[in-house]
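Hi,

Here is the structure I promised to send over. Have a look when you get a moment, and then read on for my notes.

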Amino acid sequence: MLVVGSVPAAWSHPHSFIDMQTTLVHQGDTITGLRMRWVMDEITSADLLYDAADAKPGSVVWKKLAAEVMANVLGQHYFTEFWHQKQPVKFENLPPEYHLSRQGHQAVLEFVLPLAHPQPLKGQRFVFSTFDPTYFVDMYYDSEKSLKIPDELAKECHFELKTPKPDASMQAYALSLDKADAPAEEMDLGRQFAQTVTLVCQ
């Protein structure tokens, strides 16, 4: 689970929702990572914001909460798979930066997901997907506008977003699970609903 603390009872999967934005991080013509911004739904955010109380941004309280949330993300391999030519690309174990903040009634986690080795962009195609394997948390991009290429690479590279359409039986299964249920591992439920992002560079 992504956040620390309890989440109020719900009656079907998913129970939490994260609205994502991702920006390509590069050095020259190589990709070095992805800058991610995750906005959590108000119910999921409630515990974190309660613990933060009236603490000022940048205070010890916020830094401690950020470290706890980031530790959970790292424990799940950033909830992300990244592929190049059908081979998995490894990540660094720790992000070079991360930050937790408040946006109204929502908690916002921002961090850089670093690739272990920079990858050349020219003429290449990369595929990545960010999801909770259990589908307890629905992690989604609203549209391709949530995926950003720096201006200096905008002519060479673009993102393509694919949203899957699980069949009716898979959707019914997800809806049938209550909070205490964990989907069978072989169902690979989170992957069934996971969006796929393709980075294409000329």
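Which residue in strand 11 is the bridge partner of valine 127? The model is a predicted one, and in it the partner of valine 127 is threonine 198. That pairing belongs to a wider contact: strand 7 and strand 11 run antiparallel, with 4 bridges between them.

Strand 7, which covers residues 125–130, also pairs with strand 3, residues 80–84. These two strands are antiparallel as well, joined by 5 bridges. If you would like a spot to start from, take glutamate 81, whose bridge partner in strand 7 is serine 129.

Now for the disulfide. Searching the whole structure turns up 1. The bond runs from cysteine 157 to cysteine 201, with an S to S distance of 2.0 Å. Cysteine 157 sits in strand 10 (residues 157–162) and cysteine 201 in strand 11 (residues 196–201), so the disulfide ties together parts that lie 44 residues apart in sequence. As for its handedness, the torsion about the S-S bond is about 110°, so this disulfide is right-handed.

Are the two cysteines buried or exposed? Cysteine 157 has a relative accessible area of 4%, and cysteine 201 has 6%. Buried means under 20%, so cysteine 157 counts as buried, and so does cysteine 201.

Strand 11 is a good place to begin browsing: strand 7 is bridged to it, and cysteine 201 of the disulfide lies in it.

Happy to talk any of this through.

Best wishes

Technical notes:
Residues are numbered from 1 along each chain as its sequence is written. This is a predicted model: local features need pLDDT of at least 70, side-chain atom pairs count only at pLDDT 80 or more; totals for chains, interfaces and linings use all residues. Side-chain values use heavy atoms; hydrogens and water are left out. A disulfide is a pair of cysteine sulfur atoms within 2.5 Å. Buried means under 20% relative accessible area, exposed over 50%, partly exposed in between (1.4 Å probe, protein chains only). Two strands pair if DSSP finds at least two bridges between them.
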